[in-house]
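The following exercises are meant to be worked through with the sequence and the coordinates open side by side. Each task is followed by a solution that proceeds in steps.

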Amino acid sequence: MNFAGTINTKYDHMLKVLYVNALTSAQADNIPAETMGALCFAQIAEKIDTKGNSTFAHVAMPCLGGENVLYEFLQTIGPIQSGQNGDVRFKCNDKVLFGVITLDESKFSDEANTPPLQLASKAAYEQIFATLESQDFPYVLRFWNYMADINRTTHELERYRQFNLGRQQAFSAKGQEVSGNVPAACALGTMDGPLTIAFLAGRTASLPIENPRQVSAYDYPAQYGPRSPLFSRASLASVNATNILFLSGTASIVGHQTLHAGDVIAQTEESIANIAAVLDVANQKASKKFKITDLDYIVYIRNPEHFLSVSSVLKARIGPNVKATYVQADICRFDLLVEIEGSVEQQ
């Protein structure tokens with residue numbers, strides 16, 4: 001992974017996640033053929049240059065710390081094929097598939113007072129699972145979910161909870177597991193824009209990792225909505241000789257409750273404690289040990305004025321050379337101020 005800004009470094013990993021803060025015009029014109037897709041974090045889409053790549057998705061989140069754009073690239077080796085199934089755009093080789101779907105909620109009618117976001121999320125996930133079935137990629141390794149106004153209430157229900165309803169309906173309709181062996185994921189709120197979901201799938205199942213300090217998300221009590229979120233705290237995937245750990249969005253939750261409401265420093269420290277606990281479990285199952293300093297992190301901060309406080313805690317707790325980039329985003333609970341996700345590959 002590289003935060004300095006090059007995307008054409010040669011490597012021999014079957015799967016690589018690469019963070020780049022900005023692209024020069026030359027780099028934008030020479031995106032490697034091995035690039036499967038990218039999430040492009042920027043306040044407005046005009047700041048990014050996709051060069052027509054169908055699996056590049058704009059995420060309407062401002063970058064913090066003086067950067068304008070953050071690209072999260074997924075790269076591989078070997079020939080890549082492109083395809084589209086309904087609204088799902090994807091690229092794949094014989095080992096992994098990366099796909100993106102964006103849906104405009106306004107195109108979903110308000111049937112029987114059903115929230116459009118619920119209908120859109122159900123439709124998106126049903127199309128994702130249909131695509132994976134048609135391409136023979138049965139195992140999702142990681143989901144990325146982004147939606148506008150995630151904490152706003154409409155139809156007497158918070159929008160994040162509407163999304164969870166539609167997601168679980170699609171999982172159930174398509175015969176997917178709704179507890180236990182579920183993929184890593186994040187769900188964040190954007191400034192605006194469509195429902196955007198990206199996903200990475202393989203032909204070998206990943207190993208879900210849970211956190212002993214937390215209730216599994218799919219077992220949350222009913223106070224968090226009529227349907228629980230569907231994600232593991234992390235997943236450990238193996239693609240040929242490459243092992244990759246995907247850390248789901250991690251926040252200041254112990255048990256099932258938010259801790260340290262209103263205190264961004266304490267929430268950041270609690271989030272890091274949760275990351276350490278997840279890595280302890282992962283290290284019991286991995287052939288090689290992961291250290292908290294190994295991961296590359298994306299840090300979502302609700303209030304931009306908290307950037308210096310959050311980044312200072314990461315440098316103090318993880319190390320002065322912590323590999324982290326920061327964006328402004330709404331978190332899935334209104335009382336959460338920060339969320340951290342990450343990944344690391346090893347051979």
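## Exercise 1: Exposure and place in the chain

With a relative accessibility of 26%, alanine 130 is classed as partly exposed. The model used throughout is a predicted one.

**Task.** Decide whether glutamate 156 is buried or exposed, and state where alanine 130 is found.

**Solution.** Begin with alanine 130, which is found in helix α2; because buried requires a value under 20% and exposed one over 50%, its 26% falls in between. The C-alpha atom of alanine 130 is separated by 8.2 Å from that of asparagine 85, although these positions lie 45 residues apart along the chain. Turn next to glutamate 156, whose relative accessible area of 79% places it among exposed residues, because the cut-off is over 50%. Glutamate 156 lies in the loop between β9 and β10 (157-158), and its phi is near 65 degrees, a positive value in a residue other than glycine. A positive phi, near 60 degrees, is also found at aspartate 136, which has its place in the loop between α2 (116-135) and β8.

## Exercise 2: The sheet of four strands

**Task.** Work out which strands stand at the edges of the open sheet of four strands.

**Solution.** First write down the order, which is β1-β4-β2-β3, with mixed pairing. The edge strands are then β1 (15-20) and β3 (56-60), each of which pairs on one side only. Neighbouring strands of this sheet are turned against each other by 15 degrees on average, with direction ignored. As a check on one pair, β2 (residues 35-42) and β3 run parallel and are joined by five bridges, with leucine 39 standing opposite alanine 57 in β3.

## Exercise 3: The sheet of six strands

**Task.** Trace the open sheet of six strands, and find the handedness of the crossover from β18 to β19.

**Solution.** The order of this sheet is β13-β14-β15-β20-β18-β19, and its pairing is mixed. Since β13 (207-209) and β19 each have a single partner strand, they stand at the edges, and one side of each is left without a neighbour in the sheet. The twist from one strand to the next averages 15 degrees. Strands β18 (residues 296-301) and β19 (residues 323-328) run parallel and are joined by six bridges; within β19, valine 327 is the bridge partner of tyrosine 300. Between the two strands the chain passes through helix α5 (residues 307-317), and this β-α-β crossover is right-handed. Aspartate 296 has lysine 323 in β19 as its bridge partner. Helix α4 (residues 264-285) lies across β13, β14 (234-239), β15 (242-250), β18 and β20 (338-346), and runs at about 150 degrees to β15. Helix α5 also packs on the sheet, where it touches β18, β19 and β20, and its direction makes about 160 degrees with that of β19.

## Exercise 4: Core and contacts

**Task.** Identify which residues have the most contacts inside the largest nonpolar core.

**Solution.** The largest nonpolar core has 72 residues, and those with the most contacts inside it are Phe41, Phe143, Tyr146 and Tyr300. Its largest share, eight residues, comes from α2. A second, separate core has 31 residues, including Val264, Val313, Val322 and Ala324. Leaving aside residues up to four places away in sequence, tyrosine 300 touches, among others, Phe41, Tyr146 and Val327. For comparison, take asparagine 151, found in the loop between β8 (139-148) and β9 (153-154): a polar atom of its side chain lies 3.5 Å from the backbone oxygen of cysteine 332.

Note on methods: Residues numbered from 1 in each chain as written. Predicted model: local features only at pLDDT ≥ 70, side-chain atom pairs only at ≥ 80, totals over all residues. Heavy atoms only, no water. Polar contact = N/O pair within 3.5 Å; in protein donor to acceptor, adjacent residues only side chain to side chain. Pairing = 2+ DSSP bridges. Axes fitted to C-alpha atoms, helices over the stretch in contact; angles between N-to-C directions. Right-handed = clockwise from strand over helix to strand, strands pointing away. Buried < 20%, exposed > 50% of the residue type's maximum accessible area, 1.4 Å probe, protein only. Core = buried A, V, L, I, M, F, W, Y, C linked by side-chain atoms within 4.5 Å. Contact = heavy atoms within 4.5 Å.
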